[in-house]
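Got a minute to go over the labels on this model? Let's take them one at a time and check each against its cut-off.

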Amino acid sequence: MEGIRGNHSFTIDAAALAERLAAHQDILIDIGTGDGRYVRHVARTCPPCFAIGVDACRENLRDVSRTSPDNALYLIASAQALPRELYGLATRFTINFPWGSLMSGLLDGDPALLDGLGAIARPGAALDVRLNGVALEAAGWSLERGGEQARRMLRDGGFVVAPPQPLSAQALRACPTTWAKRLAFGRDPRALYLRARRPDARRSRSDQPLVAARSFAEFT
Ligand SMILES: C[S@@+](CC[C@H](N)C(=O)[O-])C[C@H]1O[C@@H](n2cnc3c(N)ncnc32)[C@H](O)[C@@H]1O
């Protein structure tokens, strides 16, 4: 798979990745990471974590990847064709303010996307999705209906998903992604938060809290 750091692209295989992950138990994968700011924030504020940002577009990743610590990695890949090297790695993952085919894949329940998300998750992995009201409207969905649709598709894809919650302007300001800030300080800050989890088949249902013990909220 292809990694990027600054202007430099490189190939990283499963063995090299395993070496980098060896000392880290908690692995975040941020899908549609944009400029990678969220991944850099997690890597800087949580040294025991390893944070991986994935985006189809390389241009926006150059600056932040250059200044990220060693426990961050940026990969160029489509969310609909996630590299096999990531399978079974994520203890937590995020989709923050998707647009384009990432948004439509989520709303249409694209099997290539949902199967890939399931494949990269460890049992019990937490998934946080944040949806931008303007992007939902551009895709033909109201905030409420779009949130419910994304929830339905994630459930069909095998996730346990809590009802969508509105994200206040204050929550957006506190969320360390570029698009959260754009929304928070823009004209239309409507946004939703969906908290989900990949069930852990090894544990009984009653043992499984919907919210992972350490949620992403602690990074914001
Ligand atoms: C609105 S930006 C959000 C970026 C970042 N998550 C943030 O919160 O600042 C949406 C990102 O999704 C990426 N994206 C859209 N479709 C994608 C796909 N199918 N696979 C991977 N990335 C995709 C775009 O390249 C873009 O960087």
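A disulfide here is a pair of cysteine sulfur atoms within 2.5 Å. This is a predicted model, where local features need pLDDT of at least 70, side-chain atom pairs count only at pLDDT 80 or more, and totals for chains, interfaces and linings use all residues. Residues are numbered from 1 along each chain as its sequence is written, and side-chain values use heavy atoms, with hydrogens and water left out.

Q: Why is the link between cysteine 46 and cysteine 49 called a disulfide?
A: Their sulfur atoms sit 2.1 Å apart. The cut-off is within 2.5 Å, so the pair qualifies. The structure holds one disulfide.

Q: What makes that link right-handed?
A: For cysteine 46 and cysteine 49, the angle about the S-S bond is 55 degrees, and the link is right-handed. Both cysteine 46 and cysteine 49 are buried.

Q: How do you know that cysteine 175 is in no disulfide?
A: Look at its nearest cysteine sulfur, which belongs to cysteine 49 and is 16 Å away. A disulfide needs the sulfur atoms within 2.5 Å, so cysteine 175 doesn't make it.

Q: Why does cysteine 175 count as buried, and what does cysteine 57 count as?
A: Buried means under 20% relative accessible area, exposed means over 50%, and partly exposed is in between (1.4 Å probe, protein chains only). Cysteine 175 has 3%, so it is buried. Cysteine 57 has 35%, so it is partly exposed.

Q: Why is asparagine 71 called buried?
A: Its relative accessibility is 8%, and the limit is under 20%, so buried it is. Asparagine 71 lies in the loop between helix 3 (62–66) and strand 5 (72–76). Helices (H or I, at least four residues) and strands (E, at least two) are DSSP runs, numbered from the N terminus.

Q: What makes the pairing of asparagine 71 with the backbone oxygen of cysteine 49 close enough for a polar contact?
A: A polar atom of the asparagine 71 side chain lies 2.9 Å from that oxygen. A polar contact is a pair of N or O atoms within 3.5 Å; within protein, one must be able to donate a hydrogen and the other to accept it, and residues adjacent in sequence count only if both atoms are side-chain atoms. The 2.9 Å distance is therefore within the limit.

Q: Why is arginine 195 called buried, and what does its side chain contact?
A: Arginine 195 has a relative accessible area of 18%, so it falls under the 20% limit. Its side chain makes a polar contact with the side chain of tyrosine 193 at 2.8 Å. Arginine 195 lies in strand 10 (residues 191–197).

Q: Why is arginine 190 called partly exposed?
A: At 32% relative accessibility, arginine 190 falls between the 20% and 50% limits, so it is partly exposed. It sits in the loop between helix 9 and strand 10. Arginine 190 and leucine 167 are 23 residues apart in sequence, but 7.2 Å apart in space, C-alpha to C-alpha.

Q: Why is strand 10 described as largely enclosed by the rest of the structure?
A: Seven of its seven residues are buried, so the description follows. Ala191, Tyr193, Arg195 and Arg197 point one way from strand 10, while Leu192, Leu194 and Ala196 point the other way.

Q: How do you know that strand 7 pairs with strand 10?
A: Two strands pair if DSSP finds at least two bridges between them. Strand 7 and strand 10 have seven, in the antiparallel sense, so they pair. Asparagine 132, for one, has alanine 191 as its bridge partner in strand 10.

Q: What makes strand 8 (residues 160–161) a partner of strand 10 too?
A: There are two bridges, antiparallel, and at least two are needed, so strand 8 and strand 10 pair. Valine 160 has arginine 197 as its bridge partner in strand 10. Strand 9 (residues 165–166) also pairs with strand 10 over two antiparallel bridges, and proline 166 stands opposite leucine 192.

Q: How do you know that strand 6 (residues 90–96) is largely enclosed, and which way does it run against strand 3 (residues 26–31)?
A: Seven of the seven residues of strand 6 are buried, so it is largely enclosed by the rest of the structure. Strand 3 and strand 6 run parallel, joined by four bridges. Leucine 28 has arginine 92 as its bridge partner in strand 6.
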